[in-house]
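Student: I would like to go through some labels used for a structure and see what each of them rests on. Can we take them one by one?

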Amino acid sequence: MIDLNSAKVAIIGLGYVGLPLAVEFGKQRCTIGFDINAKRISDLLSGHDATLEVASLELSEADKLSFTADINDLRECNVYIITVPTPIDAHKRPDLRALFSASDLVGQVIRQGDVVIYESTVYPGATEEDCVPIIERVSGLKFNQGFYAGYSPERINPGDKLHRLPDIKKVTSGSTSESAEFIDALYSTIIRAGTHRAPSIKVAEAAKVIENTQRDLNIALINELAIIFNKMDINTHDVLAAAGTKWNFQAFNPGLVGGHCIGVDPYYLTHKAEAIGYHPEIILAGRRLNDKMGAYVAVQMIKAMLKNRIHVNGSKVLIMGFTFKENCPDMRNTRVIDVVTELVEYGVHVDVYDPWLDQDEVQKHYDISQVDKPKANEYEGIIVAVGHDQFQEIGIDRIREYGKADHILYDLKNVFDATCSDLSL
């Protein structure tokens, strides 16, 4: 097994998860950040992180960190940490192509005694049953004899400047007791909050998927309550505020459930459950409800416009915010797109305004129209879809000015007082 002091780390994948990890390791030991995206490497070499997770000063402080898109540069490393995306496909099935490709890449450079650690979200069993065999085949090395593996699920919260990587407790695991001890010790050098050593890789994998599955189900319950209370003409947030006065009431808010974790991870667990012959009911029911919320929001807007005698077909609606959460540029699996799509089907022209996004990126991924700055007296409908700080700074009065004399304002994220909007979730 590798001596901790001689560990040279390679981070495979430099997105929202990989880059903060590379920076923390790069402050202490020889670390190489690898990504197949040459532009991403070029940006990082110039000190710019497009995800805005790491500031230029932090990049410069990681003086033992280098970046590359050349696989040959990885041969000097002996610890490989894989942090590539694991999305779902159009049929809501796990898409592990990037993970398998990264495993193949590691197989080309790994040597006797080296360690590979996976951080990407997977279903229980994926590391040892699906990924490790690829490394064995490509490298010719035998698992737990020629090389070792571990799993340490990522817990990065994009856009969160309070809960940073070193301050979030890290779950670790290894394929043998010796490798588990090494992996736990390695992460302990950068995680101030401490580590939790799981008894097996499968336990660590399962822990990751249930963290977000639990949140998904709790939000699904609140979304269903919001639908019920809307039909009863009761403000959901007033109900939650009242219920929240009890010490053991758990605080969740209704809304669109997207992003790379909560809207994805449950499908990894249900995929594995179905593969072993069990059909999940509660988990999938929650997913179905949350996946429908975008369409529900759009229909609520349409109904309100019709009730106000606003002609829907040919009308203009401004959607403020497109990222999957506030104060970050991450638009992976954003469910705001569902609102846009549904409104367009009713003949509505939709403009999107999001100060966190680049027009080229939005156009490339979603082919929608983003305005640089909304015009006054332009829209029959306005939806505040994401609670960016910039929207609070603009203020409700200025936002109202974007609308025509007769318009509907839907404050989806409860950014402003309920009395200031025409609709809220």
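Tutor: Start with leucine 52, in the loop between α2 (38-45) and α3 (56-61); helices (H or I, at least four residues) and strands (E, at least two) are DSSP runs, numbered from the N terminus. This is a predicted model, in which local features need pLDDT of at least 70, side-chain atom pairs count only at pLDDT 80 or more, and totals for chains, interfaces and linings use all residues. Residues are numbered from 1 along each chain as its sequence is written, and side-chain values use heavy atoms, with hydrogens and water left out.

Student: Why is leucine 52 called partly exposed?

Tutor: Buried means under 20% relative accessible area, exposed over 50%, and partly exposed in between (1.4 Å probe, protein chains only). Leucine 52 has 40% relative accessibility, so the residue counts as partly exposed.

Student: What makes the phi of leucine 52 worth a remark?

Tutor: Most residues other than glycine have a negative phi. Leucine 52 is not a glycine, yet its phi is positive, about 65°. Asparagine 327, also not a glycine, has a positive phi of about 60°. Asparagine 327 sits in the loop between β9 (316-320) and α12 (336-345).

Student: Why is asparagine 327 given its label, buried or exposed?

Tutor: Its relative accessibility is 19%, so asparagine 327 counts as buried. Valine 297, in helix α11 (residues 293-307), is at 0% and therefore counts as buried.

Student: And what makes isoleucine 228 partly exposed?

Tutor: Isoleucine 228, in helix α7 (residues 201-231), has a relative accessible area of 39%, so the label is partly exposed.

Student: How do you know that there is a cavity, and how many are counted?

Tutor: On a 1 Å grid over the protein atoms alone, a cavity is a set of points where a 1.4 Å probe fits but cannot get out; lining residues have an atom within 4 Å of a point. The count comes to 1 cavity of 30 Å³ or more. The largest cavity holds about 30 Å³ of space, and its lining includes Val17, Glu119 and Arg155.

Student: What makes the second largest pocket a pocket, and what is its volume?

Tutor: A pocket is an open set with protein on both sides within 12 Å along at least five of seven lines. A volume is the space filled by probe spheres set on the points, which are joined across faces, edges and corners. For the second largest pocket this volume is about 920 Å³. The pocket is lined by 35 residues, with Arg215, Ile219, Ile262, Phe324 and Lys325 nearest its centre.
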